[in-house]
Amino acid sequence: MLELIEKKTKNAFQIITTSHSPKILTFADETASRNASVVCRLKGSHEEIIRLISDLPNAAELREFQGLGRLLSSGWMENALAFTEGDDEETTG
């Protein structure tokens, strides 16, 4: 399934899909990893945060050594989102 999505998006298509499966992220190629987003709702909030995984601190380096699947299953993505929440507002406001 992931190979089909990656093949179709190389032709300038945009595909939106969701998964809670760390295994799928493990097989994502470089382009898919760079364009993938994480969606999370922080404790005490009713709003979701959507951010490119590649925009999270040290994501590229961590992906190289641990893989996106492990980063998702360990809770790193949610922790990184919580840590960086508000960064956009501070720099634009």
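Helix α6 buries Trp 76, Met 77, Ala 80, Leu 81 and Thr 84. Seen down the axis of α6, these buried residues fall within an arc of 135°, so they line one face of the helix. The face turned away from that buried side carries Asn 79 and Phe 83, both exposed. This is a predicted model, and the text below reads it as such.

Step back to the whole chain. There are seven helices and two strands. Along the sequence they follow the pattern α-α-α-β-β-α-α-α-α. The chain has 93 residues, and 28% of them count as buried. Its accessible surface comes to about 7,200 Å². Carbon and sulfur atoms account for 53% of that surface. Now take the contacts between residues at least 6 apart in sequence: 43% of them join residues at least 24 apart.

Start at the N-terminal end of the pattern. Helix α1 spans residues 2-9, and its buried residues are Leu 2, Ile 5 and Glu 6. Seen down the axis of α1, they fall within an arc of 95°, so they line one face of the helix. What covers them includes α2 (22-26) and α3 (30-35). On the other side of α1, Glu 3, Leu 4 and Lys 7 are exposed.

Between α1 and α2 runs a loop that holds Ser 21. How exposed is Ser 21? Its relative accessibility is 25%, so Ser 21 counts as partly exposed; the buried class ends under 20% and the exposed class begins over 50%. Ser 21 also has a partner far along the chain. Ser 73 is 52 residues away in sequence, yet the two C-alpha atoms are 8.5 Å apart in space.

Next come the strands. β1 covers residues 37-41 and runs antiparallel to β2, with five bridges joining the two. One facing pair is Cys 40, which stands opposite Ile 49 in β2. The hairpin has six residues between its strands. In this hairpin, Gly 44 takes a positive phi near 80°.

Look at β2 itself, residues 48-52. In a regular strand the side chains alternate between the two faces of the sheet. Which residues of β2 lie on the covered face, and which on the uncovered one? Ile 49 and Arg 51 make up the covered face. Glu 48, Ile 50 and Leu 52 make up the uncovered face.

After β2 the chain enters a loop that leads to α4 (59-66), and Asn 58 lies in that loop. Most residues other than glycine have a negative phi. Asn 58 has a positive phi, near 60°. At 52% relative accessibility, Asn 58 counts as exposed, because the exposed class begins over 50%.

Finish with the open space. Rolling a probe the size of a water molecule over the atoms shows where empty space is left. The largest pocket holds about 1,100 Å³ of space. Its lining has 32 residues. Which of them lie nearest the centre of the pocket? They are Thr 17, Thr 18, Asn 35, Ala 36 and Ser 37. Several elements met above contribute to this lining. Helices α1, α2 and α3, strand β1 and helix α6 (76-84) each supply at least two residues. That brings the path back to α6, the helix with Trp 76 and Leu 81 among its buried residues.

Key: Residues numbered from 1 in each chain as written. Predicted model: local features only at pLDDT ≥ 70, side-chain atom pairs only at ≥ 80, totals over all residues. Heavy atoms only, no water. Buried < 20%, exposed > 50% of the residue type's maximum accessible area, 1.4 Å probe, protein only. Helix = DSSP H or I, 4+ residues; strand = E, 2+ residues; numbered from the N terminus. Pairing = 2+ DSSP bridges. Contact = heavy atoms within 4.5 Å. Areas by Shrake-Rupley, 256 points an atom, 1.4 Å probe, with all protein chains shown as cover. Arc of directions from axis to C-beta. 1 Å grid on protein atoms, 1.4 Å probe; cavity = no way out; pocket = protein on both sides within 12 Å on 5 of 7 lines; lining within 4 Å. Points joined across faces, edges and corners; volume = space filled by probe spheres on them.
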